[in-house]
Amino acid sequence: MSNELDKPISNNPSGRSPIMGQDESRNSLASRVIWIGILIGFLTFGLFLIVYNSLGEWQILAAALAILLGVLSLFAGFLSLRRDNIEQAGSFTLLAVFIAYAPGELFWSGLTINNLMGGSFLILLIGLAMIPGRVRTWISLSLIYLVIILAVNIFEPIPRFNVELSPTLDFYVRSTTIFLTLVVSWMLVNAIRTGDIRTRLVTAFLMVTLIPLGLLALINNINTQNILTNSANQLLFAVASDTVDAFDDYISNQKSTILTESQQPTFAEFLALDPESQTDRNNPIRAAANTLLSSLARKDFTRIRSYALLDANGINVLDTVFLDIGNDESNTEYFNKSYSDKLTFASSVEFSLEPGVFHSIYFSSPVRDVFNEIVGVLRVKISASVLQETIQGTNDLAGEDSFGVLFEEIEGNFLHLAHGAAPETLFTTIMPYEADLLEELRASQRIPLTTFFGEVSMNLPELHENLNALDEEAFFTATDIATGDRINQISVLRSSENPDWIIAYFQPQDIFLAVAEQQALSSIVLVIIIAVFVAAIAIFVARLLSDPITQLTKVAQSVAGGDLTARAEVISQDEVGILATAFNSMTDQVNDVITNLEDTVALRTQALEKRAQYLEAAAEVGRVASEFRDLDKLLDTITHLVSDRFDFYHVGILLLDDSGEYAVLKASNSEGGWRMIARGHRLRVGEEGIVGYVTSTGEARIEQSVKGEGAFYFGNPELPNTRSELALPLKTGDQIFGALDVQSVEEEAFSEEDVTVLQVLADQVAMAINNALLLDRVQKSLEIERRVFGELSAKGWDKLIQAKPDVGFHSTIKGTSPVGGDWHSGSEEALRIGDSIQSPDKDDPEKQLLSVPLKIHGDNVIGILETYKLSSDGPWTTQEISILEAISDQLGAALENARLFEATQSQAQRERITSEVASRIWASSSVDTILETAVQELGRALNASQGTIRLDISDQDKNIPD
């Protein structure tokens, strides 16, 4: 074959290339290709220089120089073409493509697919158009190019420029590749329209192979990217929503907590004291208030900076930080909101004007006396680090390298309050402020004087523009300081508690699109390899096919000219040889064919229609079989389908019973068959009728006339009109499990061809039945296993609860304690029915109790989760119940895992003790030593205070015979 590849593609005596038409020579086609390449090359070189001047990336300049070398190679090709050296011109043109595209992969990233497809296809198309006789040259160059592109993409020997960072460059390179491919393809197709059969065969092979493969790869890649992007967006949105909920819940919980704490009577009593008593450390009211503040501060000492009481003038009169007592906080927003506006308030981050002081979030609530008059404000200062801790805890929740960022919108700009991947950006802005506005914001403590790393602004205009439009578009792409040049997919949401807070969740696109890129790369490599081999094989096969066809064409022209004595030489037994034989036969019988044409056409049409009907029914049976899983519905549907398609009198499906002794009728289309099913009609295998024969031997059998040998079977009055019968085995492999019985009202109704086609249908029926039976057995087995495992687990919990009857804990704001006392009636009812129950608290009517059952393995209830809320807040909502039931399900699964772990540890401990005792016993050699060792080891292993082993064989000795 290798020698064939280098032969000219045609022996055309005119000397013209076989891929040329009458109006256009191969030189003209080559000239057009070269000049289009030179024009595109100069335009590309100029654009690259412009982009290089704008971005300053050296990789762009290197690619521009490679393009210039490609243009010089095209000029060399043009000079060769002027000297009528078409093959040398083609070689220079292929080299120009190689030089222009290969460096693009070396210096740039993000264009691998473009370089693979564009470079490889242009090499193949130009090789076929300009030097079709040198197949090995352009096929080898294609393979070398493919290997180089893949190697550079895998190993990346030098730093590469991400072309996606320049939308202009990215669009131009991709569109230019598509344009060149389409132009060269169009020129090639137009050149071969009047070419010979060899060239058309080669082109047809390539087009039929490559166009569907290329389109399939492209569509598949686009769909995959869309699916992955949508999936990433949904996941990012879900994590962002959860993070927003976490922040909102934190703020809401803190506000609720400080509201409750401010209602402590001790605080109001302290604020009611005169200034002298407030500063008296021996005053019991002051001591009680101070102790209460200290206990509140200790509940989260890592985040809470201080608790303080502010009097009606905003003076700090009591603080867990002693140095802050006496400070005037009357001008703060949290004091005015709580004292003047009478609100429980949560501030944003407030930045200290003093260097080195931690930034904080303030929560405050008014303190009221017994007359419900506001006498002061309770204030808590919490470290702003809680925001960073929360954001960092969400890293990678949406996938690899995903992270969250918390922004605060301030005067059209965005401040980094927390950053999951780049903590160095904390408290920096996305874009710089004007100097006057910057000083004003610093003075109002809305932004810090400086950041920890000194940077004030990150200068991210693309991110700034998208965040400004977040109310119109919740998903967008942008770069970030943490990911450098990588493009991120981003989902953004606003906080409902603080609308100026914006949660953005990032993930680099190259992470979740890696699968699509790898899939696309593999598909393109496969398409290119196929294209190379198809081109080589097509040229070789075209020669083998075209020579006999050329000879046959000459004979056909002679016959068309009136020479009916001309005969084609039959030199092979393939389709061409058959065609030659048929042509010769046609010449001899042309008059007979004309005379008998109508009858022949009618007979063949009838046969084809019948065969098409059989095949269509077989295909429909296969489709129906894939839709049904219920065996009875499947069998009934198949019998009616076969009867409707072939107009059979009776169609029945018989399956072997469990013993394999009888074939039992399970489905039928006829009324007689239904009556037979009702009375349990069955046939003995190997003895009764042709069904018995088929289910015994596994071979099809026909009775063309039931009045003959098999007539005794039709004594049954349910099928009086049967005149012929066909039975087909239903089997998979060597296993026979039934038969398809078909009966007709006509004699000689079945041919051998009918048997062949209907056996295909029977095999599909057999496969569908077998699948249905297997599915039924698997489902029953799974149900048994699930039920047994659930029962074992329930018994394990019964044993555990009997050993520990009062297992459970009760949690309040004061702490956690073991459960004691009787069960609440609502909890008993929830335990009994296995469903959530709402009921008033028997000890406190102002509370609503929700009892949620703890379940394992579906419906096995092992306990109750009791949760309370104030009656004034209304009944438990459906959403709250759903959340608690979801938590209960997770808790049940965790408890079951813990029980299984404890059981495993207990079993391992028993086996260890047994092994240790046995090893020490076997180390002894005498009876006394064995007994002594055994009682000692058992006492030590079981921690027993006393143990005894005695031997007594007196009774046995009495039974020993003399």
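**Note on a predicted structure of 962 residues**

1. Strand S10 (residues 475-478) and strand S11 (residues 488-494) pair in the antiparallel sense over four bridges; two strands count as paired if DSSP finds at least two bridges between them. Helices (H or I, at least four residues) and strands (E, at least two) are DSSP runs, numbered from the N terminus. Within S11, Ile490 is the bridge partner of Phe476. In a regular strand the side chains alternate between the two faces of the sheet. Along S10, Phe476 and Ala478 point to one face and are buried, while Phe475 and Thr477 point to the other and are not. Buried means under 20% relative accessible area, exposed over 50%, and partly exposed in between (1.4 Å probe, protein chains only).

2. The basis of the note is as follows. The model is predicted, so local features need pLDDT of at least 70 and side-chain atom pairs count only at pLDDT 80 or more, whereas totals for chains, interfaces and linings use all residues. Residues are numbered from 1 along each chain as its sequence is written, and side-chain values use heavy atoms, with hydrogens and water left out.

3. The protein has 27 helices and 23 strands. Of its 962 residues, 43% count as buried. Its exposed area is about 52,200 Å², of which carbon and sulfur atoms supply 56%; accessible areas come from the Shrake-Rupley method with a 1.4 Å probe, and for residues only the protein chains shown count as cover. Among contacts (heavy atoms within 4.5 Å) between residues at least 6 apart in sequence, 59% join residues at least 24 apart.

4. The largest nonpolar core has 57 residues. Such a core is a set of buried Ala, Val, Leu, Ile, Met, Phe, Trp, Tyr and Cys residues joined through side-chain atoms within 4.5 Å. Those with the most contacts inside this core are Ile34, Phe48, Trp108, Met130, Trp138 and Leu169. Two or more residues each come from helices H2 (26-55), H3 (58-82), H4 (86-107), H5 (112-130), H6 (135-155), H7 (167-192) and H17 (514-560). Leaving aside its neighbours within four places in sequence, Leu169 is in contact with Phe48, Val51, Ile60, Trp108, Phe161 and Val163. Apart from the largest core lies another, of 52 residues, among them Leu292, Ala297, Phe363 and Ala398.

5. Two packed helices are described by the angle between their axes and the distance between the axes. Axes are lines fitted to C-alpha atoms, for helices over the stretch in contact, and angles run from 0 to 180 degrees between N-to-C directions. The axes of H4 and H5 come within 10 Å and cross at roughly 180°; these two helices are therefore roughly antiparallel. Angles under 35 degrees count as roughly parallel, over 145 as roughly antiparallel, 65 to 115 as roughly perpendicular and the rest as oblique. Residues of H4 at this contact include Ile86, Ala89 and Gly90, and those of H5 include Thr112, Asn114 and Met130.

6. H4 also packs on H6, at an angle of about 10° and with the axes 9 Å apart. That makes H4 roughly parallel to H6. Leu94, Phe98 and Tyr101 are among the H4 residues that meet H6, where Trp138, Leu141 and Ile144 are among the partners.

7. An open sheet of five strands, with antiparallel pairing, has the order S4-S3-S7-S6-S5. Its edge strands are S4 (316-319) and S5 (345-350), each of which pairs on one side only. From one strand to the next the twist averages 25°. S3 (residues 304-311) pairs with S4 over three bridges, and Ala308 stands opposite Asp319 in S4. Helix H11 (residues 284-297) lies across S3, S4 and S7 (374-383), running at about 145° to S3. Helix H13 (residues 385-392) packs on the sheet as well, touching S5, S6 (360-368) and S7, and its direction makes about 50° with that of S7.

8. Strands S8 (residues 403-410) and S9 pair in the antiparallel sense over six bridges, with Phe407 opposite His416 in S9. Their hairpin has two residues between the strands, and Glu411 takes a positive phi near 50° there. Seven of the seven residues of S9 (residues 413-419) are buried, so this strand is largely enclosed by the rest of the structure.
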